[in-house]
Amino acid sequence: MGEKKRAIWVFGDFRNYFQNRVTLQLISKAREMAGMIGGEVCVVVLGSQTAEYVSEYIAHGADKIYLTEDPRLVEYSMETYSFLMERLARREKPEIILVGATSFGREFAPHVAKRLGTGLTADCIDLDIDEKGLLVQRAPSFGGKLIAETVIPERRPQMATVRPGIFQELPHDFSRTAEIVHVPMPDNMPSDRVHIISREPSPAKEDHLEQAKIVVCGGRGMGSKKKFSRLYELAELLGGEVGATRPVVYLNWANREALVGQAGKQIRPVILFSFGISGAIQHTASIRKSCFIIAINKNPKAPIMKMADVAIVADAGQICNALINELKQRIRR
Amino acid sequence: MLKLVVCIKQVPQVSELPWDPETWHLQRELAEGMMNPACRFALEAALKIRDKIGARITAVTMGPPSAEEALREAVALGADKGILLTDRKMAGADTYTTSLTLSKVIQKIIPDFDLILCGASTIDSDTAQVGPQLAEELDIPGVAYVHELTIAGNKARIRRVADGFSETIEMELPGLVTINTTSEAPRYMSFRGFQQAFGESDIITHDAASLGLHQEWIGARGSATKIRNVYSPIAERGNLVLTGTNKKILDQLFTLFDDRIGGVVGKDLKTEKN
Ligand SMILES: Cc1cc2nc3c(=O)[nH]c(=O)nc-3n(C[C@H](O)[C@H](O)[C@H](O)COP(=O)(O)OP(=O)(O)OC[C@H]3O[C@@H](n4cnc5c(N)ncnc54)[C@H](O)[C@@H]3O)c2cc1C
Ligand SMILES: Nc1ncnc2c1ncn2[C@@H]1O[C@H](COP(=O)(O)O)[C@@H](O)[C@H]1O
């Protein structure tokens, strides 16, 4: 074996491509890290009729695509996909494998890691390369109360699942080219022991608030129903959802669905705006998984200000209005 | 008779974790233990199968000696037998070694199991990895995030929702499922169960030696992932306080974070006004 490039692999998870662009986000992060270890970014695509995804992955930064296209891969299957991934990884020996933390990804990655006899960190919210070239993985534990930093020093590949919405995808460039390695399905595929009887898109029972990447949460400090309603406008501009504290729900400024906290929903956005909220434990216990918190409160000593990354001491209603104006000017449509 | 194995984990009661209000550090030694919620639902799923068609249920846990409480609770709720794996050398296990260790005890004590039920995830480590990896270790099929489960002959019929798809799945047995927490509350302890669990109940204890597990394979030593650092995100936060006029505040906010916010919004916010 000659000088083989150290490869960072990204699993091409395209099942919910239009809602969930985590694969593109991971390609972008992998590019950055590949620069640090002198490696290349490869995307593994398993499926049938994948041309559209393959060209997107290349346009967004893949150097190489490992492609298995076969009519038998028309539906995602845990056993078949794990088998194929293991086989390919044993042959090509990547340094790192990144998988988006979709439902499929979080089930698929542990199967693959176990088959390869290697380590895996779940639901990372940050990745890095250290001075020795190891992948540093940061993931929340204890419901986000702690962040654990892990490495996989000895075994290879180093594997991680990564939460969607953390990294920013690169702008596409459809003039980019990449090597496409066709990997045929082997003849000796083991028979599936899990059979999908039916699979239908589930009647939109997805909870938007719990899944949102941006949440704008408002508390009693918004002052009135009218002022509170402007938070919806702000959320709309940001492409986010509105959450509320219990007093706000009791005051009927927002409906029960919006309640965030012990008696309501647990949220985990990438960015949380918290307007006029004191930060009682019944509320904050459910926002700790947020990656970045911007709190606006006129009282600098309010508990929420302690846990915020950015603590803005000001009138919540006024900042909401100013932010709406500012965003309208900055967002070019 | 159908043989079911339920894997349960004792976890700290997160909602009551004692915090040092000054440093925001966690005082873990003061935390009380409880059965992980999803494990409770896994046990409930096993009990429902037994109620319908009869089964023998073994609960297995790996943890400190105090994890026996979770097993006693499982017996009180209706499990027939509990197995406690406890050994200081097992401490610090990642999901790779946890699933290896669990597989060894299952192979030794209940090699002819039909179905293993795990919780979908735990509230402390929250990896959702132990179930799928245990299935791999035992070379049996596995399905995660299960909502509904029935057994018919040598198959499990499963319903679940994953990635916005509602699925009906048939899995061959022996197999493994991981059970989601649902809104339906699991059963309470009966008085008879209570007496049984805290009287002479059927709980056996194993350590690494009695399972023939080599030190190199277990606990922190056998783990593929190594924890380098644990910190409280809260202690890191609150670094930046913005004050002044609204205009000044927003100028600072966008100067510092236009990239970060724009990145998540998916829009370029850098463009200066006009
Ligand atoms: C069993 C139980 C369960 C509960 N469950 C929940 C739950 O699920 N969710 C929940 O949210 N709460 C819950 N609570 C209530 C919780 O304890 C708090 O009372 C609640 O979160 C406080 O909401 P708040 O921050 O909006 O209001 P407040 O505590 O009244 O705080 C208002 C904040 O706004 C600030 N403020 C005021 N005016 C302005 C202004 N003009 N500009 C900027 N800032 C301003 C104030 O300084 C203050 O910090 C629960 C309580 C119990 C006992
Ligand atoms: N130490 C353990 N002992 C027994 N079962 C465990 C242990 N750790 C994890 N499990 C099982 O694996 C599930 C998922 O755990 P986790 O991968 O840590 O989120 C749990 O709900 C348990 O069913």
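In this predicted model, the axes of helix H3 (residues 78-92) of chain A and helix H4 (residues 103-116) of chain A come within 9 Å and cross at roughly 45°. That angle makes H3(A) oblique to H4(A), and the crossing is right-handed.

Which residues form this contact? On the side of H3(A), they are A:Met78, A:Glu79, A:Tyr81, A:Ser82, A:Phe83, A:Met85, A:Glu86, A:Ala89 and A:Arg90. From H4(A) come A:Phe104, A:Glu107, A:Phe108, A:His111, A:Val112, A:Arg115 and A:Leu116. By class, the contact of H3(A) with H4(A) comprises nine nonpolar, two polar and five charged residues.

H3(A) also takes part in an internal space, and I turn to the cavities now. The structure holds two cavities of 30 Å³ or more. The largest encloses about 40 Å³, and its lining consists of A:Val44, A:Leu46, A:Thr68, A:Leu84, A:Arg87, A:Leu88 and A:Val183. Strand S2 (39-47) and helix H3 (78-92) of chain A are the elements giving two or more residues to this lining. Which element supplies the largest share of the lining? That is H3(A), with three residues. In terms of class, five lining residues of the largest cavity are nonpolar, one is polar and one is charged.

The second largest cavity has a volume of about 30 Å³. Its lining draws on A:Asp13, A:Arg15, A:Asn16, A:Asn20 and A:Thr102, together with B:Asp163 from chain B. How do the lining residues of the second largest cavity divide by class? There are no nonpolar residues, three polar and three charged.

Finally, I come to a helix pair in chain B. Helix H3 (residues 95-109) of chain B packs against helix H4 (residues 130-138) of chain B at an angle of about 50°, with the axes 8 Å apart. H3(B) and H4(B) are therefore oblique to each other, and they cross in the right-handed sense. In this contact, H3(B) contributes B:Thr95, B:Tyr96, B:Thr98, B:Ser99, B:Leu100, B:Leu102, B:Ser103, B:Ile106 and B:Gln107. H4(B) meets them with B:Val130, B:Gln133, B:Leu134, B:Glu137 and B:Leu138. The contact of H3(B) with H4(B) has seven nonpolar, six polar and one charged residues.

To recapitulate the helix pairs, H3(A) passes H4(A) in a right-handed crossing, and the crossing of H3(B) and H4(B) is right-handed. As for the cavities, H3(A) gives three residues to the lining of the largest, while the lining of the second largest includes A:Asp13 and B:Asp163.

Definitions and conventions: Residues numbered from 1 in each chain as written. Chains lettered and ligands numbered in written order. Predicted model: local features only at pLDDT ≥ 70, side-chain atom pairs only at ≥ 80, totals over all residues. Heavy atoms only, no water. Axes fitted to C-alpha atoms, helices over the stretch in contact; angles between N-to-C directions. Helix = DSSP H or I, 4+ residues; strand = E, 2+ residues; numbered from the N terminus. Parallel < 35°, antiparallel > 145°, perpendicular 65-115°, else oblique. Left-handed = near helix turned anticlockwise from the far one by under 90°. Contact = heavy atoms within 4.5 Å. Nonpolar A, V, L, I, M, F, W, Y, C, P; charged D, E, K, R; others polar. 1 Å grid on protein atoms, 1.4 Å probe; cavity = no way out; pocket = protein on both sides within 12 Å on 5 of 7 lines; lining within 4 Å. Points joined across faces, edges and corners; volume = space filled by probe spheres on them.
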